[in-house]
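Biologist: Could you take one helix of this model and walk me through it closely, along with whatever packs around it? I'd like one connected answer rather than a list.

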Amino acid sequence: MTPPPSGPVCAGASTAALGAAVTIGYPSFSSYVRARGPVLLRTARSLTANPSDAEDLLQTALAKTFVAWERIEDHRALDGYVRRALLNTRTSQWRKRKVDEFSCDELPEPAGPPESDPAERQVLHDAMWRAVMKLPERQRAMVVLRYYEDLSEAQTAEVLGVSIGTVKSAVSRALGKLREDPELAPVR
């Protein structure tokens, strides 16, 4: 029996398995890994997108193979055994993956248009107010009540003591003047 190693002991499964293969008397396992490792690595790479993940996958499958080495009766079928271990390990990893999507009864609201620059919004706001201030007082009052205070035509007519038709025609003329205002041309 060999004495225990003096120094740090590696706790990694694959490193321990490969080191134990040489010391415990499984030289056929280490020679199998040396001979078939590149082929098995290609198989592992076909199961994962990341080459580093493929190496980890192969190491895990080889560690499982090493544990079962004595139970494997037909060593001519080792490639099939290791490939099955690769596939089972990858399937287990896939099943354990974190799922970031959850089903729900209601669909989330779609994202609206991107927010504009606050400075640009302020410039537009100031230009609009300057254009509204150029309107005659009665039209200005109707536009403010109708679009800034969000009153209906009937409510605006009631507040100003005029008919609904007067509100409609005055607001229509005011909007026409706003459309023609040169300061608001970039908005159109």
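**A close look at helix α6**

Modeller: Sure, let's take α6. Helix α6 covers residues 137-148, 12 residues in all, and runs 15 Å from its first C-alpha to its last, close to the 16 Å expected at 1.5 Å a residue. Keep in mind that this is a predicted model, so everything below is computed from predicted coordinates.

A bit of context before zooming in. The protein chain has eight helices and zero strands, and along the sequence that reads α-α-α-α-α-α-α-α. Of its 188 residues, 26% count as buried. Among the contacts with a separation of 6 or more, 52% are between residues 24 or more positions apart.

Now to the inside of the helix. Which residues of α6 are buried? They are Gln139, Met142, Val143 and Leu145. What do these buried residues pack against? Their partners are α7 (153-160) and α8 (164-180). A general point helps when you look at that set: an α-helix has 3.6 residues a turn, so residues three or four places apart point the same way.

The α8 side can be seen from Ala170. Ala170 sits in helix α8 and is buried, with a relative accessible area of 4%. Leaving out residues up to four places away in sequence, Ala170 touches Gln139 and Met142, and both of those are on the buried list for α6. For a backbone yardstick, the C-alpha atoms of Ala170 and Ala141 are separated by 10.0 Å, though the two residues are 29 apart along the chain. Helix α8 also holds Arg173, which is partly exposed at a relative accessible area of 48%. The C-alpha of Arg173 is 9.8 Å from that of Leu135, with the two positions 38 residues apart in sequence numbering.

Next, the helix pairs. Two packed helices are described by the angle between their axes and the distance between the axes. Going back along the chain, the partner is helix α5 (residues 118-133), whose axis comes within 9 Å of that of α6 and crosses at roughly 140°. That makes α5 oblique to α6. On the α5 side the contact uses Met128, Trp129, Val132 and Met133, while α6 brings Arg140, Val144 and Tyr148. Sorted by class, this contact of α5 with α6 has six nonpolar residues, no polar ones and one charged.

Going forward, α6 meets α7. Here too the axes come within 9 Å, crossing at roughly 135°. That makes α6 oblique to α7, and α6 passes α7 in a right-handed crossing. From α6, the residues involved are Ala141, Met142, Leu145 and Arg146, and they meet Glu153, Thr156, Val159 and Leu160 in α7. By class, the contact of α6 with α7 comes out at five nonpolar, one polar and two charged residues. Met142 deserves a second look: Met142 is one of the buried residues of α6, takes part in the contact with α7, and is touched by Ala170 as well.

Between those two helices comes the turn of the chain I'd click on. Asp150 is in the loop between α6 and α7, just after α6, and takes a positive phi of about 60°. That is a positive value in a residue other than glycine. Is Asp150 buried or exposed? At 65% relative accessibility, Asp150 counts as exposed, because the cut-off for that label is over 50%.

For reference, here's a helix pair elsewhere in the chain. The axes of helix α3 (residues 51-67) and helix α4 (residues 78-96) come within 9 Å and cross at roughly 120°. That makes α3 oblique to α4, and α3 passes α4 in a right-handed crossing. Among the α3 residues in that contact are Leu57, Leu58 and Ala61, and among those of α4 are Tyr81, Val82 and Leu86. The residues of this contact divide into eight nonpolar, four polar and two charged. Pro51 also lies in α3; Pro51 is partly exposed, with a relative accessible area of 43%.

So, back to α6 for the short version: its buried residues pack against α7 and α8, α5 is oblique to α6, and α6 is oblique to α7.

Note on methods:
Residues are numbered from 1 along each chain as its sequence is written. This is a predicted model: local features need pLDDT of at least 70, side-chain atom pairs count only at pLDDT 80 or more; totals for chains, interfaces and linings use all residues. Side-chain values use heavy atoms; hydrogens and water are left out. Axes are lines fitted to C-alpha atoms, for helices over the stretch in contact, and angles run from 0 to 180 degrees between N-to-C directions. Helices (H or I, at least four residues) and strands (E, at least two) are DSSP runs, numbered from the N terminus. Angles under 35 degrees count as roughly parallel, over 145 as roughly antiparallel, 65 to 115 as roughly perpendicular and the rest as oblique. A crossing is left-handed if the near helix is turned anticlockwise from the far one by less than a right angle, and right-handed if clockwise. Contact means heavy atoms within 4.5 Å. Ala, Val, Leu, Ile, Met, Phe, Trp, Tyr, Cys and Pro count as nonpolar, Asp, Glu, Lys and Arg as charged, and the others, Gly among them, as polar. The expected span of a helix is 1.5 Å times one less than its number of residues. Buried means under 20% relative accessible area, exposed over 50%, partly exposed in between (1.4 Å probe, protein chains only).
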